[in-house]
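This briefing covers the overall make-up of a protein chain, two of its helices, its nonpolar core and its internal space. Please read it alongside the sequence and the coordinates.

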Amino acid sequence: MTEIAWVVGDTETVGAQALARVWFGLTVAGVPLTSVVDLVLIGVYAGTAAAVSRPVGAGALGAAAAVTLALRLPSLWILTAGWTQGAPSRQQLLLTVVAELAGAGVLLLTAVAGRRPAFGDDVVPVPARERVRVPAGLLLIAVALLEAGWQLYFVRFFAQNPTTGSYVRTITGEHAIPALLATPSGWLGWAIAALGLGTGVAALRRLPPARPLGIVLAWLVALTAAPDIGAWAQQGQFLAFNLSDLASLGSDVTLRQLTLLFEIAAAVVLVVLLAPPGSGGPARAPDPFEARDTIEMQTMPSPANYLRQTPRVPPPPPPLPPRPW
C-alpha cells in the first residue's frame, strides 16, 4: 500500500500522463519521488497476493522478498547520504524503505516455513517436462550473463573516461538516479545478474521456487529496460543505424539496444514457459517445478500416507502335502 500511496502523491504533483512519460524515459516533468521500480514492486505484490493460496504460494512470497531486498537496499544509503539532505519527504521515504525491508524479511521467513510439507498432503506426484525447465533455465542464465557483461563493460568505460563520471556512483546512486526511490543502474544490473543466475540454476535443477522467481525476474527485466529504450526513442537514436553499414551494428549503443530488446523478448518467453498450468480438474498438466516436492510429500512416513495405502491381499495358503495312498 505504501508504494501505491507514493505513486498517487506523484500523480497529484505532476499528473498521471506526465508521470508515466517520466517513468519510461520519454520526458522530464517535475521531480517525482517514484520510478518504474515502484511499478515493478506493485506488480510483484499484486501477483504474490493472487498466488499465495496456490501451490506456488511459498515460492511467490520468497520471490517478492528477494526482489524487494534487491531493489530497496540501495535506498537505505541514498536516503541517509549527505547529498539527499533537504530532499522532499526524505524522512517519510526512509521510513517506507525500512518498513518494506522489514516486511521482506518477514515474507522470507514465511516462505521458508511454508516450504515444509504438512502431514497428510494428498497432492499426486506428476512427471517433469524437460522441454519447459531447460529453455527457461538457459534463458535466465543468458540474461544474467548479458547483464554482468555490460556491467563489466561500464566499469572499464568509466575507468578509461574519468571525466564522464564514476562507476561507483551507479552503485551508490549519488546524483545518478532520476528519483529518490529509484534503484541505481549499476546496482540494478548486478541484482538482475545475480537473481537471473540463481533462478536459472534453480530451473535447471527443477526446484519449485524457480517458477515464481522467473516470472518476477521477467517482469523486472522488461519494465526496467523500458526507460532506456524510451529515452533513445525520444532522442531519435533507437536502432538508428544503417543496415548497409555493418560497422554500425558493432557500436556500443546499438549493441546495448539490441541487448535490451533481447531481454524483453526473453522476458515474454519466460512468462509463457513458467506460467502455472491451469487447474481445470483433478487431472492437471504436468508441472516440472512441483514434481519433486509432491513426490517427497507422498512418500513421507506420515500416518495419513499409511492410511491411504491399498490393503494388501494375503498370499494364498501353501498346497497340502500329497496323500500317502
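A cavity is here a set of grid points where a 1.4 Å probe fits but cannot get out, and its volume is the space filled by probe spheres set on those points. The model is predicted, and in it the largest cavity holds about 40 Å³ of space. The protein chain that surrounds this space has 12 helices and 0 strands, and of its 325 residues 39% count as buried.

**Internal cavity**
- A search of the whole structure finds 1 cavity of 30 Å³ or more.
- The lining of the largest cavity consists of Leu140, Val143, Leu217, Ala218, Val221, Glu263, Ala266, Ala267 and Leu270; by class, 8 of the lining residues are nonpolar, none is polar and 1 is charged.
- Helix H6 (130-160), helix H9 (210-234) and helix H10 (252-274) each contribute at least two residues to that lining, and the largest share, 4 residues, comes from H10.

**Nonpolar core**
- The largest nonpolar core comprises 28 residues, and those with the most contacts inside it are Val40, Val67, Leu71, Ile192, Leu217, Leu220 and Leu270.
- At least two residues of this core come from each of helix H3 (36-51), H4, H6, H8, H9 and H10, with H9 giving the largest share, 6 residues.
- Leu217 and Leu270 belong to the core residues with the most contacts, and both also line the largest cavity.

**Helix H4**
- Helix H4 (residues 57-78) contains 22 residues and reaches 32 Å from its first C-alpha to its last, which is close to the 32 Å expected at 1.5 Å a residue.
- There is nevertheless a bend of about 30° in H4 at Arg72, and a proline, Pro74, follows within four residues.
- H4 is mostly covered, since 17 of its 22 residues are buried.

**Helix H8**
- Helix H8 (residues 185-204) has 20 residues, and because each residue should add 1.5 Å, a span of 28 Å is expected, in agreement with the 28 Å that separates its end C-alpha atoms.
- The buried residues of H8 include Gly186, Leu188, Gly189, Ala191, Ile192, Ala193, Leu195, Gly196, Thr199, Gly200, Ala202 and Ala203; of these, Ile192 is also one of the core residues with the most contacts.
- After H8 comes Arg206, whose phi is positive, near 60°.

Conventions
Residues numbered from 1 in each chain as written. Predicted model: local features only at pLDDT ≥ 70, side-chain atom pairs only at ≥ 80, totals over all residues. Heavy atoms only, no water. Expected span 1.5 Å × (residues − 1). Buried < 20%, exposed > 50% of the residue type's maximum accessible area, 1.4 Å probe, protein only. 1 Å grid on protein atoms, 1.4 Å probe; cavity = no way out; pocket = protein on both sides within 12 Å on 5 of 7 lines; lining within 4 Å. Nonpolar A, V, L, I, M, F, W, Y, C, P; charged D, E, K, R; others polar. Bend = angle between axes of the 7 residues up to and from the residue. Core = buried A, V, L, I, M, F, W, Y, C linked by side-chain atoms within 4.5 Å.
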